[in-house]
Amino acid sequence: PSSTIPSSSSSSSSTMTTPTVAKSSGLELPYESAIEVLRVYHSLHGDLAIPRRYLVPTTNDFPTPWHSIPLSATVYNMNWWSKHVKSKPDRVYQLNEFGFIW
């Protein structure tokens, strides 16, 4: 897939095509920003049944650092879990409140 991006030349009608590439993950992004992404996803879709290959859209709805990151692959990654949720019952509770699918 590709996206059309305006070029930096002086002509406003010229564009260039750049492939859309998924970032590796959001493992290093703060937990609070992940919660914001999950909130937005839930508000748009009505649940947290996140498709396996869902990439966070590059829209103003989502925090910019998460754009093009595979959401499901990040929040279901054991490294993310260990870093952000393990041994933190308040975060488990928070995710449960959102309807997070374990």
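The following exercises, each with a worked solution, concern a predicted model of a single chain.

**Exercise 1. Overall architecture**

Task: Determine how many helices and strands the chain has, and what pattern the chain follows along the sequence.

Solution.
Step 1. The chain contains four helices and two strands.
Step 2. Read along the sequence, these elements follow the order β-β-α-α-α-α.
Step 3. The chain has 102 residues, of which 31% are buried.
Step 4. Among contacts with a separation of 6 or more, 48% are between residues 24 or more positions apart.

**Exercise 2. The largest nonpolar core**

Task: Identify which residues touch the most other members of the largest nonpolar core, and which element gives the most to this core.

Solution.
Step 1. The largest nonpolar core has 23 residues, and Leu-38, Trp-66 and Leu-71 touch the most other members.
Step 2. Two or more residues come from each of α1 (31-45), α2 (71-75) and α4 (89-98).
Step 3. The greatest contribution to this core is that of α1, with seven residues.
Step 4. The surroundings of one of the residues in Step 1 can then be listed. Leaving aside residues up to four places away in sequence, Leu-71 touches Val-37, Leu-38, Tyr-41, Ile-50, Tyr-54, Val-56 and Trp-66.
Step 5. Two of the residues touched by Leu-71, namely Leu-38 and Trp-66, are also named with Leu-71 in Step 1.

**Exercise 3. The packing of α1 against α4**

Task: Describe how the axes of α1 and α4 cross, and state which residues make the contact.

Solution.
Step 1. The two axes come within 11 Å and cross at roughly 10°.
Step 2. Angles under 35 degrees count as roughly parallel. Helices α1 and α4 are therefore roughly parallel to each other.
Step 3. The crossing in which α1 passes α4 is left-handed.
Step 4. On the side of α1, the contact is made by Tyr-31, Glu-32, Ile-35, Leu-38, Arg-39 and His-42. On the side of α4, Arg-91, Gln-94, Leu-95 and Phe-98 take part.
Step 5. By class, this contact has five nonpolar, two polar and three charged residues.

**Exercise 4. Two residues of the α1 and α4 contact**

Task: For Ile-35 and Arg-91, decide whether each is buried or exposed, and list what each touches.

Solution.
Step 1. Ile-35 is placed in helix α1, and Arg-91 is placed in helix α4.
Step 2. The cut-off for a buried residue is under 20% relative accessible area. Ile-35 counts as buried because its relative accessibility is 3%. Arg-91 likewise counts as buried, at 16% relative accessibility.
Step 3. With residues up to four places away in sequence left out, Ile-35 touches Gln-94, Leu-95 and Phe-98. On the same basis, Arg-91 touches Tyr-31, Glu-32 and His-84.
Step 4. Ile-35 and Gln-94 are 59 residues apart along the chain, and their C-alpha atoms are separated by 8.9 Å.

**Exercise 5. Serines in helices**

Task: Locate Ser-33 and Ser-72, and state which residues each one touches.

Solution.
Step 1. Ser-33 is found in helix α1, and Ser-72 is found in helix α2.
Step 2. Ser-33 counts as buried because its relative accessibility is 17%. Ser-72 is also buried, with a relative accessible area of 9%.
Step 3. Not counting residues up to four places away in sequence, Ser-33 touches Pro-63 and Trp-66. Under that exclusion, Ser-72 touches Ile-50, Pro-51, Arg-52 and Tyr-54.
Step 4. From C-alpha to C-alpha, Ser-72 lies 9.5 Å from Val-56, with 16 residues of sequence separation.

**Exercise 6. Serines with positive phi**

Task: State where Ser-68 and Ser-87 lie, and decide whether each is buried or exposed.

Solution.
Step 1. Although it is not a glycine, Ser-68 has a positive phi of about 70°. Ser-87, also not a glycine, has a positive phi of about 60°.
Step 2. Ser-68 lies in the loop between α1 and α2. Ser-87 lies in the loop between α3 (78-84) and α4.
Step 3. A residue counts as buried under 20% relative accessible area and as exposed over 50%. At 12% relative accessibility, Ser-68 is therefore buried. At 71% relative accessibility, Ser-87 is therefore exposed.

Key:
Residues are numbered from 1 along each chain as its sequence is written. This is a predicted model: local features need pLDDT of at least 70, side-chain atom pairs count only at pLDDT 80 or more; totals for chains, interfaces and linings use all residues. Side-chain values use heavy atoms; hydrogens and water are left out. A nonpolar core is a set of buried Ala, Val, Leu, Ile, Met, Phe, Trp, Tyr and Cys residues joined through side-chain atoms within 4.5 Å. Buried means under 20% relative accessible area, exposed over 50%, partly exposed in between (1.4 Å probe, protein chains only). Contact means heavy atoms within 4.5 Å. Axes are lines fitted to C-alpha atoms, for helices over the stretch in contact, and angles run from 0 to 180 degrees between N-to-C directions. Angles under 35 degrees count as roughly parallel, over 145 as roughly antiparallel, 65 to 115 as roughly perpendicular and the rest as oblique. A crossing is left-handed if the near helix is turned anticlockwise from the far one by less than a right angle, and right-handed if clockwise. Ala, Val, Leu, Ile, Met, Phe, Trp, Tyr, Cys and Pro count as nonpolar, Asp, Glu, Lys and Arg as charged, and the others, Gly among them, as polar.
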